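Work through the exercises below with the sequence and the model open. Try each task before reading its solution.

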Amino acid sequence: MKLVIAIVQDEDTGRLVDELMKNKFGVTKLASTGGFLKSGNTTIIVGVEKEKIDDVIEIIRSTCKSRKRVTTSPAPTTWSSGVYTPYSVEVQVGGATIFVVDVDKYEKL
Ligand code: 2BA
């Protein structure tokens, strides 16, 4: 068995969970926060047999869109003049960041 961990944007979560449930996958949704943007995203975990991993990834691919986000430039850790002027930075986020890991043991008690 494998565990698919997918970090997706909040906007895509509803459709993604609906699609996974419709295809009979068990899903858990966790509220998470990205380290770079420091804003909310969603982590979806799906326990699945090895043969079904590609099906799960295909559903994620078809429901999660890539979007642009604007954030403020991070302050430098060192600078000589002592003046820091923040500026806007545009980053591309998503569709999804996916990890697939082995499950050593799975039990439902
Ligand atoms: P964030 O850390 O908030 O990152 C949001 C987006 O900012 C990233 O989109 C990427 O385009 C950009 N970004 C991240 N770090 C950057 C940096 N040091 N310099 C410039 N741009 C940077 P995605 O790559 O689509 O990632 C979306 C979210 O997935 C991330 O939110 C984070 O929560 C998660 N993630 C991405 N890679 C990960 C990893 N290797 N391990 C754990 N979580 C990860």
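**Exercise 1: A lysine in a loop**

K38 is found in the loop between β2 and β3. The model is a predicted one.

Task: Determine what sign phi of K38 has, and whether K38 is buried or exposed.

Solution.
Step 1. Phi of K38 is near 55°, a positive value, and K38 is not a glycine.
Step 2. Set this against the general rule: most residues other than glycine have a negative phi.
Step 3. The relative accessible area of K38 is 64%. The cut-off for exposed is over 50%, so K38 counts as exposed.
Step 4. The loop can also be described through its strands: β2 and β3 form a hairpin with six residues between them, and K38 sits in the turn.

**Exercise 2: Another positive phi**

Task: Find the place of K24 and state its phi and its exposure.

Solution.
Step 1. K24 lies in the loop between α1 (10-22) and β2.
Step 2. K24 is not a glycine, yet its phi is positive, at about 65°.
Step 3. With a relative accessible area of 75%, K24 is exposed.

**Exercise 3: The order of the sheet**

Task: Give the strand order of the open sheet of four strands, and explain why one side of β2 and of β6 has no neighbour in the sheet.

Solution.
Step 1. Strands of a sheet pair through backbone hydrogen bonds, either parallel or antiparallel.
Step 2. β1 (residues 2-8) is joined to β6 by seven bridges, and the two run antiparallel. One bridge pair is K2 with D102 in β6.
Step 3. Seven bridges also join β1 to β3 (residues 40-48), again antiparallel. Here I7 stands opposite T43 in β3.
Step 4. β2 and β3 run antiparallel and are joined by six bridges. S32 has N41 in β3 as its bridge partner.
Step 5. The order is therefore β2-β3-β1-β6, with antiparallel pairing.
Step 6. β2 (28-33) and β6 stand at the edges with a single partner strand each, so one side of each is left without a neighbour in the sheet.
Step 7. From one strand to the next, the twist averages 20°.

**Exercise 4: A threonine in β3**

Task: Decide whether T42 is buried or exposed, and list the side-chain polar contacts that join T42 to D10 and T13.

Solution.
Step 1. T42 lies in strand β3.
Step 2. Its relative accessibility is 7%. Buried means under 20%, so T42 counts as buried.
Step 3. The side chains of T42 and D10 are joined by a polar contact of 2.7 Å.
Step 4. A polar contact of 3.1 Å joins the side chain of T42 to that of T13.

**Exercise 5: The ligand shell**

Task: Describe which residues surround the ligand, and find the polar atoms of F36, N41 and G94 that lie by its oxygen atoms.

Solution.
Step 1. The residues around the ligand are I7, G34, G35, F36, L37, N41, V91, Q92, V93, G94, T97 and F99.
Step 2. Sorted by class, the shell has six nonpolar, six polar and no charged residues.
Step 3. Two backbones take part: a polar backbone atom of F36 is 2.9 Å from an oxygen atom of the ligand, and a polar backbone atom of G94 is 2.7 Å from an oxygen atom of the ligand.
Step 4. N41 takes part through its side chain, with a polar atom 3.0 Å from an oxygen atom of the ligand.
Step 5. The ligand taken alone exposes 750 Å², and the protein buries 52% of that.
Step 6. β5 (88-93) and β6 (96-102) are the elements that give two or more residues to the shell. With three residues, β5 gives the most.

**Exercise 6: A cis peptide bond**

Task: Locate G95 and describe the peptide bond that leads to G95 from G94.

Solution.
Step 1. G95 is in the loop between β5 and β6.
Step 2. The peptide bond from G94 to G95 is cis, with omega near -15°.
Step 3. For comparison, most peptide bonds are trans.
Step 4. G94 also belongs to the residues around the ligand.

**Exercise 7: An arginine in α2**

Task: State where R61 lies, whether R61 is buried or exposed, and how far its C-alpha atom is from that of K38.

Solution.
Step 1. R61 is part of helix α2 (residues 53-63).
Step 2. The relative accessible area of R61 is 55%, so R61 is exposed.
Step 3. R61 and K38 are 23 residues apart along the chain, and their C-alpha atoms are separated by 24 Å.

Terms used
Residues numbered from 1 in each chain as written. Predicted model: local features only at pLDDT ≥ 70, side-chain atom pairs only at ≥ 80, totals over all residues. Heavy atoms only, no water. Near = heavy atom within 4 Å. Polar contact = N/O pair within 3.5 Å; in protein donor to acceptor, adjacent residues only side chain to side chain. Areas by Shrake-Rupley, 256 points an atom, 1.4 Å probe, with all protein chains shown as cover. Nonpolar A, V, L, I, M, F, W, Y, C, P; charged D, E, K, R; others polar. Buried < 20%, exposed > 50% of the residue type's maximum accessible area, 1.4 Å probe, protein only. Pairing = 2+ DSSP bridges. Axes fitted to C-alpha atoms, helices over the stretch in contact; angles between N-to-C directions.
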